[in-house]
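Here's a quick look at the salt bridges, cysteines and internal spaces of one protein model. Have the structure open while you read.

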Amino acid sequence: MSPHAVQPTPGSPHPALDFHKYAVTRNAFLPDQCPVPVLSDPYYQPWEAVGQNLSRLIDEGTIRDAIRQLPVLAVDKLVSEAEWRRAYTMLAFMTHAYVWGGDTPQEILPPQISVPFLQVSAHVELPPVLTYAAANLWNFTCQGDDFSDLDKLKLCFSFTGTESESWFLLISVAMEAKAAGILQTMAAALEAVRVRDYDGVVGGLEELRGCIDGVSQLLERMYERCDPMTFYHHIRPFLAGSQNMAAAGLPRGVLYDEGDGRGAWRQLRGGSNGQSSLIQFFDVVLGVEHSGHGGDKHASYHDEVREYMPGPHRRFLVQMARMGSIRELAMVAPPQTEAQQRLRAAYTAATAALAAFRQKHISIVTRYIIIPSKQPWQGRNGRQNLASSSSKTKGDEQLTGTGGTALVPFLREARDVTTEAGKLQRRQ
């Protein structure tokens with residue numbers, strides 16, 4: 001419960017949010033401007049030569065040799081946050097290409113990658129692994145300013161060079177861009193909660209529902225240009241991390257070798273849409289609380305996965321949660337005024353839209369993961385599908401997502417918790 005949300009203290013308004021401080025832009029959690037297409041200093045050309053040719057090097061079976069031949073480059077020539085982000089993205093793709101781009105997984109990451117990747121990761125406040133930020137938020141270029149226009153988007157880095165991979169990753173970019181302005185709108189709605197401005201809260205909720213519907217419509221376009229068999233057997237393995245990957249040949253995870261006998265074993269989650277700050281933002285402003293529901297094994301996932309979001313973004317989510325609770329205001333005990341009834345209706349409609357979005361996500365998972373997992377496939381060059389085959393066990397309930405969760409139970413639970421929140425009943 002958030003009593004301050006429904007019993008405001010006169011004279012103590014929330015300070016205006018500094019969205020820039022939280023790396024929140026006009027494009028929500030995407031950058032304000034298109035990511036830079038190349039690192040400006042020629043010093044980094046060795047990275048660019050590998051990063052921009054990943055799919056060819058993987059196909060030729062030379063990716064590991066190419067990475068081992070790299071010099072250990074310093075990071076002090078990166079001149080802007082945009083360049084730090086490109087360096088992080090490029091090194092993340094190179095890491096996963098090195099680990100998964102062979103007949104067997106490689107469990108030791110050489111200093112050519114480990115040393116700069118650890119430094120860059122610390123700067124951008126992310127783990128040294130392929131996160132959603134690397135695969136999606138910072139991995140595109142755009143012809144124009146509308147990042148929600150899929151026809152204008154292009155990937156910076158790709159494991160396979162396929163249209164299916166491009167479409168899969170860029171759909172998420174467009175979904176994030178579709179939320180342009182909604183973060184600012186809902187910050188204002190939470191301020192409206194504090195002063196009991198029902199019209200302001202209802203207006204915000206109506207915009208939020210429209211935003212979620214727009215995001216859902218983009219998700220449904222996944223089927224247009226992403227082939228399920230190609231995704232599951234050829235693309236998805238490269239997204240896997242080193243956590244829960246013993247069956248694939250990484251029982252200890254990956255050793256980040258820093259040279260001179262230094263280094264550490266790390267078990268990290270792979271890239272996953274569960275790391276999207278936007279989806280957790282929807283939960284935060286609607287008061288959908290996933291922790292404490294279902295089995296203990298899922299209770300802390302939503303909090304844990306925030307460590308795989310850029311630092312400013314996760315701090316933004318914390319700040320938004322502190323600002324107040326629309327759900328608590330909607331649950332104020334009778335007598336209900338007309339304004340209160342409008343608020344409850346708008347809240348229920350917004351949570352229903354989010355539950356419907358999660359149901360569509362389950363449908364996508366069924367088509368792109370569950371069904372292909374039951375069908376044999378030999379990848380290009382006859383290479384065994386290492387990461388995907390490791391996540392197949394006795395049934396759908398045990399399929400593991402690239403983020404390290406039991407995929408189907410987790411998604412169903414998230415949907416059901418969202419539906420329950422919309423009923424506006426006190427949690428037990």
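A salt bridge here is a side-chain nitrogen of Lys or Arg within 4 Å of a carboxyl oxygen of Asp or Glu. By that rule the count comes to 17 salt bridges. Keep in mind that this is a predicted model: local features need pLDDT of at least 70, side-chain atom pairs count only at pLDDT 80 or more, and totals for chains, interfaces and linings use all residues. Residues are numbered from 1 along each chain as its sequence is written, and side-chain values use heavy atoms, with hydrogens and water left out.

Three of the pairs, among others, look like this:

| Pair | N to O distance |
|---|---|
| Glu48 and Arg86 | 2.8 Å |
| Glu60 and Arg56 | 3.2 Å |
| Glu304 and Arg269 | 2.9 Å |

Helices (H or I, at least four residues) and strands (E, at least two) are DSSP runs, numbered from the N terminus. Glu48 sits in helix H2 (residues 45–51) and Arg86 in helix H5, so this pair links distant parts of the chain, 38 residues apart. Both Glu48 and Arg86 are buried, where buried means under 20% relative accessible area, exposed over 50%, and partly exposed in between (1.4 Å probe, protein chains only).

Glu60 and Arg56 share helix H3 (residues 54–60), four residues apart, about one turn of the helix. Glu60 is partly exposed at 46%, and Arg56 is partly exposed at 40%.

Glu304, in helix H15, and Arg269, in the loop between strand S5 (262–266) and H13, tie together parts 35 residues apart in sequence. Here Glu304 is partly exposed at 32%, while Arg269 is buried at 6%.

What about disulfides, meaning pairs of cysteine sulfur atoms within 2.5 Å? The structure holds zero. For Cys142, the nearest cysteine sulfur is that of Cys34, 5.7 Å away. Cys142 is buried at 14%.

Now for the empty space. On a 1 Å grid over the protein atoms alone, a cavity is a set of points where a 1.4 Å probe fits but cannot get out; lining residues have an atom within 4 Å of a point. Grid points are joined across faces, edges and corners, and a volume is the space filled by probe spheres set on the points. There are five cavities of 30 Å³ or more, and the largest has a volume of about 730 Å³. Its lining takes in 44 residues, with Ser272, Asn273, Gly274, His361 and Leu411 closest to the centre. Helix H18 gives the largest share of that lining, seven residues.

Methods. On a 1 Å grid over the protein atoms alone, a cavity is a set of points where a 1.4 Å probe fits but cannot get out, and a pocket is an open set with protein on both sides within 12 Å along at least five of seven lines; lining residues have an atom within 4 Å of a point. A disulfide is a pair of cysteine sulfur atoms within 2.5 Å.
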